[in-house]
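User: Could you walk me through this model, starting with the overall picture and then going into a few helices and single residues?
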Amino acid sequence: MRVLIPCAAAARAGALRNPSLHARLTAVTLLVLGGFLGAVGWLLDAQFRGALLDRTHDELQTVAYALLTSASEETADGLSFAAPADPRLNRPGAGLHGFVRSIDGELLWESPYLRLAGLDWDRIPATPGPGESTLALIEPEAASSTRTGEGDAERLVLGYTVIWESLDDMQVTLWIVDSSGRFGSRMRDFRMQMAVAFGAVALAFALIQLAALRWGLRPLRIMAERVRGLERASEAASEGIGDDYPPELAPLARNLNRFVDHERASRDRYRRAMDDLAHGLKTPLAVLRNAFRDLGPASREVLDEQVSRMDSAVSHQLSRAAASRGAPSVAIAVAPTAERLARALDRAWPDKLVEVAIDTAEVRVQLDEGDLMEILGNLMENAYKYARSRVRVRARTVGDVVEIRIDDDGPGISPSERRSVLERGARADTAVPGHGIGLAVVAELTSIYQGRFAIGTSDLGGASMELDLPVGNATK
């Protein structure tokens with residue numbers, strides 16, 4: 001079981017729920033573009049389809065006129081048709097057929113290869129009135145399942161009704177059937193060309209729009225980068241975020257700059273107040289501690305404990321004031337600080353024979369030197385106090401994080417106590433001298449630097465204090 005401080009999962013979840021302005025504008029642009037092109041495509045398709053049907057109607061009516069010119073009066077009550085003027089009606093595979101019916105449905109004539117049209121007779125449109133014509137489009141799925149000969153193309157059927165005056169105003173209807181599939185082929189070609197053209201237009205428009213969004217949002221990206229510089233407390237951000245922004249962002253930039261100036265001034269005042277407090281209390285506390293030597297053992301023990309707690313509180317507030325200044329621009333090495341602390345602990349605990357192994361190589365961290373001393377000092381002192389004979393300090397760089405591990409071979413900290421020992425004043429072992437704020441100070445300092453602090457179990461048998469801190473890129 002580990003206690004992690006802090007966790008960035010909530011921040012990542014918030015980023016997923018709140019996409020960037022660029023992502024929002026891109027999504028809206030693509031949706032609007034897709035809807036617009038879809039609507040335009042539908043309108044063009046409908047217009048082209050209507051125009052193609054009109055053209056087909058005229059073509060088939062011309063064939064009907066040609067068929068009409070080949071008719072002759074065979075008897076007093078009938079008609080005969082010689083070879084039609086349009087040879088396609090008599091040619092197999094041409095996809096053009098015809099037949100003639102009387103008003104009462106009697107079949108007067110049909111082209112030789114009409115059966116190849118695979119026409120569903122039940123789908124023939126209603127007979128038009130005299131002198132009128134009608135065109136019907138029979139889709140492949142609506143045609144008869146028993147038809148053969150000319151595939152599954154659509155059928156266009158035109159009917160044209162005439163009155164034969166010399167035969168007692170006999171009314172006949174000439175039907176022309178186009179089963180060549182030219183209509184569907186033309187529609188498919190048009191839709192393919194339109195899809196390619198619209199796709200190219202959409203791609204070009206999307207690229208132009210993305211470039212425009214990137215250019216338009218550039219001031220926001222610059223502002224965001226400078227705000228991140230403020231978070232890192234870099235030298236480039238020491239003068240705020242600048243004022244070179246468009247009119248829409250200028251008021252926000254001015255307010256942020258004012259806030260930065262106010263925050264910097266407040267932080268300086270806070271740090272000076274803490275320094276004044278330290279200088280004002282350190283000497284009186286030292287005098288009081290020396291005066292306790294003349295008191296009795298019981299009083300001296302009580303007063304010494306209270307003065308020690310006051311001294312720890314002052315040190316803690318000073319560490320917080322120092323950390324509030326943010327990460328320094330120059331990285332510092334871990335090894336010298338750890339070695340200096342190890343020598344100090346050997347002098348502070350001369351009767352305890354503890355071997356301290358330090359393996360930090362050339363690892364550097366982006367921390368204030370005093371903060372690193374405070375963090376390592378608390379953790380190494382804690383390990384030294386509880387260790388039986390061994391303390392190990394290791395550090396390595398993993399990506400943009402420095403992993404520091406401080407292990408000991410002491411009794412360790414049980415999983416049930418790992419959260420409580422991070423609270424101020426809480427202690428897992430009251431038999432060892434201390435005030436119970438060391439780990440709380442480490443947790444707070446680590447949180448200020450946006451690091452991670454975990455308590456685990458060491459392979460040495462005791463506790464393992466695990467730190468993840470920002471890596472330093474500066475050279476020695």
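Analyst: What follows goes from the whole chain to helices and then to single residues.

Analyst: This is a predicted model, in which local features need pLDDT of at least 70 and side-chain atom pairs count only at pLDDT 80 or more, while totals for chains, interfaces and linings use all residues. Residues are numbered from 1 along each chain as its sequence is written, and side-chain values use heavy atoms, with hydrogens and water left out.

User: OK, how many helices and strands does the protein have?

Analyst: The protein has nine helices and 14 strands, where helices (H or I, at least four residues) and strands (E, at least two) are DSSP runs numbered from the N terminus. Of its 476 residues, 38% count as buried, with buried meaning under 20% relative accessible area, exposed over 50%, and partly exposed in between (1.4 Å probe, protein chains only). Among contacts with a separation of 6 or more, 66% come from residues 24 or more positions apart, contact meaning heavy atoms within 4.5 Å.

User: Take H3 next. What span should its 35 residues have, and what do the end C-alpha atoms give?

Analyst: Helix H3 covers residues 182-216, and at 1.5 Å a residue it should span 51 Å, which agrees with the 50 Å between its end C-alpha atoms; the expected span is 1.5 Å times one less than the number of residues. The buried residues of H3 are Phe-183, Gly-184, Met-187, Phe-190, Met-194, Phe-198, Ala-206 and Leu-213, and they pack against helix H2 (21-69), strand E5 (133-138) and strand E6 (155-164).

User: Ala-206 is in that list. What does it touch?

Analyst: Leaving aside neighbours within four places in sequence, Ala-206 is in contact with Leu-30 and Leu-33. Ala-206 counts as buried at 15% relative accessibility, and its C-alpha is 8.6 Å from that of Thr-26, although the two are 180 residues apart in sequence.

User: And H7, where do its buried residues fall around the axis?

Analyst: Seen down the axis of H7, the buried residues fall within an arc of 165°, so they line one face of the helix, the arc being that of the directions from the helix axis to the C-beta atoms. Those residues are Val-334, Ala-335, Thr-337, Ala-338, Leu-341, Ala-342 and Leu-345. They pack against strand E8 (332-333), strand E9 (355-359), strand E10 (364-365), H8, strand E11 (390-398) and strand E12 (401-408).

User: You mentioned H8. How does H8 cross H9?

Analyst: The axes of H8 (residues 369-386) and H9 (residues 438-448) come within 9 Å and cross at roughly 145°; axes are lines fitted to C-alpha atoms, for helices over the stretch in contact, and angles run from 0 to 180 degrees between N-to-C directions. The crossing of H8 past H9 is left-handed, a term used if the near helix is turned anticlockwise from the far one by less than a right angle, with clockwise being right-handed.

User: Which residues meet there?

Analyst: From H8 there are Asp-371, Glu-374, Ile-375, Asn-378 and Leu-379, which meet Gly-438, Leu-439, Val-441, Val-442, Leu-445 and Thr-446 in H9. The residues of this contact divide into six nonpolar, three polar and two charged, with Ala, Val, Leu, Ile, Met, Phe, Trp, Tyr, Cys and Pro counted as nonpolar, Asp, Glu, Lys and Arg as charged, and the others, Gly among them, as polar.

User: Switching to strands, what is Thr-173 in contact with?

Analyst: Thr-173 lies in strand E7 (residues 170-178) and is buried, with a relative accessible area of 3%. Apart from neighbours within four places in sequence, the residues in contact with Thr-173 include Phe-99, Val-100, Arg-101, Thr-127 and Pro-128. The C-alpha atoms of Thr-173 and Arg-101 are 5.4 Å apart, with their positions 72 residues apart in sequence.

User: And Val-100, buried or exposed?

Analyst: Val-100, in strand E3 (residues 96-102), is buried, with a relative accessible area of 0%. Beyond neighbours within four places in sequence, its contacts include Leu-67, Phe-81, Trp-109 and Thr-173.

User: Last one: what is the phi of Ala-361, and where is that residue?

Analyst: Ala-361 has a positive phi of about 50° although it is not a glycine, and it sits in the loop between E9 and E10. At 57% relative accessibility, Ala-361 counts as exposed.
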